[in-house]
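Student: I have a new model open and I don't know where to begin. Could you walk me through it?

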Amino acid sequence: MRAVQLIQIGKLLENEDVPIPEIGAHDVLIRVAAAGICHSDAHYRAGISNFDNLPLTLGHEVAGHVEEVGANVRNVALGDRVCVHYLVHCGSCEFCVRGLEQFCREGQMIGRHRDGGYAEFIKVPAQNAFVLPNQIPFEVGAVMMCSSATALHALNKARIKPGESVAIFGFGGLGFSALQLARARGCGDVYVVEINSSKLAAAEKMGAIALDASVADSVEQIKQATAGKGVDVSLELIGSAKTMREAVLCLAPLGRAALVGLTAESMSIFPYSELINREAEIIGVSDHLASELPTLLDFARSGKLRFPPKALRVVNLDADQINAALDALQDSIDHVRTVITQK
Ligand SMILES: [Zn+2]
Ligand SMILES: [Zn+2]
């Protein structure tokens, strides 16, 4: 089969001809229909992460048809439309038995520790395959499995309740989903903090209250808009110490700040006045859980989570086209997602 692989770190991906994977009793073989091209793939290609398993087929946002099922597979059947949960886990360690597979001791990420979806076929454990409702196109099913799933996990970690107000720092792929999912969960007012004018306009069009952090302090703006109270939940999706601190300072008493963005910077907090006195919480968010995917798929099926056609760009399973998309991603400022399609 054809696969587009990372052969050497720091080099372009290459078209390769590789054997179709052989599946075990608990696996499924999926004929890939769509695979999302993600920011982390650009990082992998650039060598920001270490790899000891090259060559590797990248791609952790995958949807397609079940082509073959192992003897012990019960949750999906031949021909099913499915999307893939990218965390392969043992199912029996202390974390897996509690449904917290992102901490699995033997956890592997698809397209990072094992071959991913930039290929005609992918082998995954059947427990990683989720039936994709007919109403959801493959392209959407694929990209949902990364940023949308993590946005939902962040809202869950922040324990968002109906009617609560939300501030979203950063309106890229995560923010685009987070706004819609917060709505789907019945939240109150949503404030989107951004410095990019086209993103602010997009957020406003989607019903958020857009706050331009390039013209005034975002915490001041949130306080002003909430009569001095602050918001119940904030999501930091940018990955900067400055906005992480703002995500804490904009909270109302009992507010929860969920930090999702990645940074190596440190952040300072005055424990008494900024946290203790208000019983505010800072919550770390990493990846998402298989148990959250049915809700996510249901929101997409019912139209509460949408990706308008303009938000998705399509390329072929071809190294040149994929490398060009990865180049564009490195300095992309829009939230248009590129998806490899094969139909
Ligand atoms: Zn991704
Ligand atoms: Zn485990």
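**Two zinc sites, sheets and helices**

Tutor: Let's begin at the zinc ion (ligand 2): the angles among its 4 donor atoms are 103 to 118°, and the site is tetrahedral. This is a predicted model, where local features need pLDDT of at least 70, side-chain atom pairs count only at pLDDT 80 or more, and totals for chains, interfaces and linings use all residues. Side-chain values use heavy atoms, with hydrogens and water left out, residues are numbered from 1 along each chain as its sequence is written, and chains are lettered from A and ligands numbered from 1 in the order in which they are written.

Student: What are the protein donors of the zinc ion (ligand 2)?

Tutor: Donors are N, O and S atoms within 2.8 Å of the metal (3.2 Å for Na, K and Ca); water is not among the atoms, so sites may look incomplete. Here they are the SG atoms of C90, C93, C96 and C104, at 2.3 to 2.4 Å from the ion. Along the chain, their spacing reads C-x2-C-x2-C-x7-C.

Student: Are C93 and C96 buried or exposed?

Tutor: Buried means under 20% relative accessible area, exposed over 50%, and partly exposed in between (1.4 Å probe, protein chains only). C93 counts as buried because its relative accessibility is 12%, and C96 is buried at 10%.

Student: Why is the arrangement around the zinc ion (ligand 1) called tetrahedral?

Tutor: Ideal angles at a metal are 109.5 degrees for four tetrahedral donors. In practice, four donors count as tetrahedral if all angles lie between 85 and 135 degrees. The 4 donor atoms around the zinc ion (ligand 1) subtend angles of 97 to 127°, so the arrangement is tetrahedral. Those protein donors are C38 (SG), H60 (NE2), E61 (OE) and C146 (SG), lying 2.0 to 2.3 Å from the ion.

Student: How are the donors of the zinc ion (ligand 1) spaced along the chain?

Tutor: The spacing is C-x21-H-E-x84-C. One pair links distant parts of the chain: C38 sits in the loop between β3 (27-37) and α1 (39-46), while C146 belongs to helix α2 (residues 138-157), 108 residues apart. C38 counts as buried because its relative accessibility is 9%, and C146 counts as buried at 11%.

Student: Those element names are new to me. How do I read strands and sheets?

Tutor: Helices (H or I, at least four residues) and strands (E, at least two) are DSSP runs, numbered from the N terminus. Two strands pair if DSSP finds at least two bridges between them. In this model, an open sheet of 3 strands has the order β2-β1-β4, with antiparallel pairing. Its edge strands are β2 (14-17) and β4 (56-57), each pairing on one side only. Between β1 (residues 2-6) and β2 there are 4 bridges, and V4 stands opposite N15 in β2.

Student: What order do the strands take in the open sheet of 6 strands?

Tutor: The order is β13-β12-β11-β14-β15-β16, and the pairing is parallel. At the edges are β13 (209-212) and β16 (281-284), each pairing on one side only. Within this sheet, β14 (residues 231-236) and β15 (residues 251-259) pair over 5 bridges, and the bridge partner of V231 is L251 in β15.

Student: Why is β18 described as largely enclosed?

Tutor: In a regular strand the side chains alternate between the two faces of the sheet. For β18 (residues 337-341), 5 of the 5 residues are buried, so the rest of the structure largely encloses this strand. R337, V339 and T341 lie on one side, T338 and I340 on the other, and all are buried.

Student: Which strands does β18 pair with?

Tutor: β3 runs antiparallel to β18, joined by 4 bridges, and β17 (residues 312-315) pairs with β18 in the parallel sense, also over 4 bridges. T338 is the bridge partner of I37 and of R313.

Student: At what angle do α2 and α3 pack?

Tutor: Axes are lines fitted to C-alpha atoms, for helices over the stretch in contact, and angles run from 0 to 180 degrees between N-to-C directions. Helix α3 (residues 173-184) packs against α2 at about 55°, with the axes 8 Å apart. That makes α2 oblique to α3; angles under 35 degrees count as roughly parallel, over 145 as roughly antiparallel, 65 to 115 as roughly perpendicular and the rest as oblique.

Key
Tetrahedral: all angles 85-135°; square planar, octahedral: opposite > 155°, others 65-115°.
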